[in-house]
Amino acid sequence: MAEPPAPYDVAVVGAGVVGSAVARELAGHELSVALLDARDDVGEGTSKANTALLHTGFDATPGTLESRLVRRGYALLSAYAEATGIPVERTGALLVAWTDEELAALPRLHDKAVANGYEHCAPLTAGEVYAQVPALGPGALGGLAVPGESVICSWTTALALATEARARGAAVLLGHRVEAAEPGPAATTLRTTAGDVAARWVVNAAGLAADTVDGLFGHGRFTVTPRRGELLVYDKLARPLAPRIVLPVPTARGKGVLISPTVYGNVMLGPTAEDVADRGDTATTAAGYDFLLARGRRLMPRLLAEEVTAAYAGLRAAIDRDDYLIEADPERRYLLAGGIRSTGLSASLAIAEHVRDLLGAAGLGLVPRTRLPAPPRMPNLGESAPRPYRDEELIARDGAYGRVVCFCERVTEGEIRDALRSPLPPAGPDGLRRRTRAMNGRCQGFSCAGEVEALLEAGP
Ligand SMILES: Cc1cc2nc3c(=O)[nH]c(=O)nc-3n(C[C@H](O)[C@H](O)[C@H](O)COP(=O)(O)OP(=O)(O)OC[C@H]3O[C@@H](n4cnc5c(N)ncnc54)[C@H](O)[C@@H]3O)c2cc1C
């Protein structure tokens, strides 16, 4: 009889931005690592549907793990984006006060930013607020500038991290839903929908399902409540209206409804914050749409005259405490990374460092590998750097970059071909959209879906 395969040193459950960052970090050591996800692509959960802000952590609760990891994550992800070509735009943000109470709260928020180690906030008069974002609606009383807040491409971030984890030797096991965990003396056997995977240590980065997976390890310490956030995406013609991120004064329920430019040249309005029962309920609703339009009318009436290109919703993995829940269980050789709600994209690389340190303290041997492959250079999806359709030299070398397939987003056949040949190719049209922007424009694929799908079917 064939020998069962040797157990991995670590299995990471969940290939969102957090699990991918953890797998990448651990694969930088002399460890065999598996990154598992139930779905057929990386970054298919909350990591694909968020507001895509690279947060400084200025408004976190001082002293929390989240405050520390968002601050550190901001620095790490800024540098990583530079190294890999993840699109980032340094737009800065304005926190705008519309009522006397909000105006009175601004000095407190300024102090909070300082307590979080962020020293760059500056108070703004109403005149200064309008000078920075002239299209704001009437009635702004003052504001706080947060120059470090930035916009980033969340799709490329998850993909870059998983691609680098794989380049460092991690096995990326998609379509592996973990349904049971059976502890053994030397390794835990994860029973998955695609067969057994054994690992000496298991990291739970299962996002909205982190409590369920935690239960497989005998814990019952928390419950995830999906908090749905709906967003509207406005057409590119709206982009000049939003040169900066416009933030509301935060409330206990969250960061509130904001207006933000996107790295793809659009403007976003949202998100809502509504607790739902169903962990898969990413439907957009008429009530959410009406709520956002009412907010938008107040914040920036001119935005409402622009066309909405798309609406989408994501689910935050809210839990019953105001912090991340990251804990190692050395006895079971298991670690939980749970409750990573509304800042996980920004904090991902710092969460990975923290997980590594906790695992090390719990007994996992960590010997850094001396020779690592260079970080991947990701295709540029952002508008602030040149894209292939405008690159004459590239087109002269390879005509496929001169053949535009998706005209709304100016995506070329060469980019689609590259995505299909990449180390982690898309499993379908949605994955291709996140790798190229194809079908992500104002016609949402009405004109190009046929050709895009034909290219997908033809394969690399
Ligand atoms: C509306 C909204 C706006 C946000 N805005 C921002 C923002 O501006 N900036 C920011 O930093 N953060 C933001 N966030 C938060 C951020 O998106 C999340 O914190 C982050 O994506 C969480 O990543 P994750 O890897 O933990 O979860 P996920 O991306 O959900 O990944 C978990 C993965 O686990 C897999 N999985 C689950 N169960 C199993 C199982 N049994 N077996 C195998 N795999 C399993 C899932 O398929 C999924 O792919 C926002 C979130 C929302 C919803």
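**Working notes on helix α7, the domains and the ligand shell**

Q: Which residues on the other side of α7 from the buried ones are exposed?
A: Ala-286, Ala-287, Asp-290, Ala-294 and Arg-297 are exposed there. Keep in mind that this is a predicted model.

Q: And which residues of α7 are buried?
A: Gly-288, Leu-292, Gly-296 and Leu-299 are buried.

Q: Where do those fall, seen down the axis of α7?
A: They fall within an arc of 65 degrees, so the buried residues line one face of the helix. An α-helix has 3.6 residues a turn, so residues three or four places apart point the same way.

Q: What do the buried residues of α7 pack against?
A: They pack against strands: β13 (225–234), β14 (245–247), β15 (258–261) and β16.

Q: What span should the helix have, and how far apart are its ends?
A: Helix α7 covers residues 286–299, which is 14 residues. At 1.5 Å a residue it should span 20 Å, and the end C-alpha atoms are 20 Å apart, so the two agree.

Q: Changing topic. How is the chain divided into domains?
A: Domain 1 is 1–89 + 150–224 + 320–377, domain 2 is 90–149 + 226–318, and domain 3 is 388–458.

Q: How many residues are in contact between domain 2 and domain 3?
A: Five residues of domain 2 are in contact with four residues of domain 3. On the domain 2 side, two are nonpolar, one is polar and two are charged. The centres of domain 2 and domain 3, taken over C-alpha atoms, are separated by 31 Å.

Q: Where does the ligand lie with respect to the domains?
A: Domain 1 and domain 2 both give residues to the shell around the ligand, so the ligand lies between them.

Q: Which residues around the ligand come nearest?
A: Gly-16, Gly-45, Gly-207, Gly-229 and Gly-344 come nearest, out of 40 residues around the ligand.

Q: What is the shell like by class?
A: There are 18 nonpolar, 16 polar and six charged residues in the shell.

Q: Which elements each supply at least two residues of it?
A: Helix α1 (17–26), strand β18 (308–318) and helix α8 (344–362) do.

Q: Now the backbone. Where is the cis peptide bond?
A: The cis bond joins Gly-270 and Pro-271, with omega about -5 degrees. Pro-271 sits in the loop between β16 (267–270) and β17 (274–275). Most residues other than glycine have a negative phi, and most peptide bonds are trans.

Q: Which residues other than glycine have a positive phi?
A: Ala-52, at about 60 degrees, and Met-439, near 70 degrees, are among them.

Q: Is Ala-52 buried or exposed?
A: Ala-52 is buried, because 23 other C-beta atoms lie within 10 Å. The loop that holds Ala-52 runs between β2 (33–36) and β3 (53–54).

Q: And what about Met-439?
A: Met-439 also counts as buried, with 23 C-beta neighbours inside 10 Å. Met-439 belongs to the loop between α11 (429–436) and α12 (449–458).

Q: What of Arg-442, in the loop between α11 and α12?
A: Arg-442 has 19 C-beta neighbours inside 10 Å, so it counts as partly exposed. The cut-off for buried is 20 or more.

Q: What is Arg-442 in contact with, leaving aside neighbours within four places in sequence?
A: Arg-442 is in contact with Asp-235, Glu-307, Thr-309 and Cys-408.

Q: How far is Arg-442 from Glu-415?
A: Their C-alpha atoms are separated by 19 Å, and the two residues are 27 residues apart along the chain.

Definitions and conventions. Residues are numbered from 1 along each chain as its sequence is written. This is a predicted model: local features need pLDDT of at least 70, side-chain atom pairs count only at pLDDT 80 or more; totals for chains, interfaces and linings use all residues. A residue is near a molecule or strand if its C-beta atom, placed from the backbone, lies within 6 Å of it. Helices (H or I, at least four residues) and strands (E, at least two) are DSSP runs, numbered from the N terminus. Ala, Val, Leu, Ile, Met, Phe, Trp, Tyr, Cys and Pro count as nonpolar, Asp, Glu, Lys and Arg as charged, and the others, Gly among them, as polar. Domain bounds come from an automatic or database domain assignment. A residue is buried if 20 or more other C-beta atoms lie within 10 Å of its own, exposed if 12 or fewer, and partly exposed in between; C-beta atoms are placed from the backbone. Two residues are in contact if their C-beta atoms, placed from the backbone, lie within 7 Å. The expected span of a helix is 1.5 Å times one less than its number of residues. The arc is that of the directions from the helix axis to the C-beta atoms.
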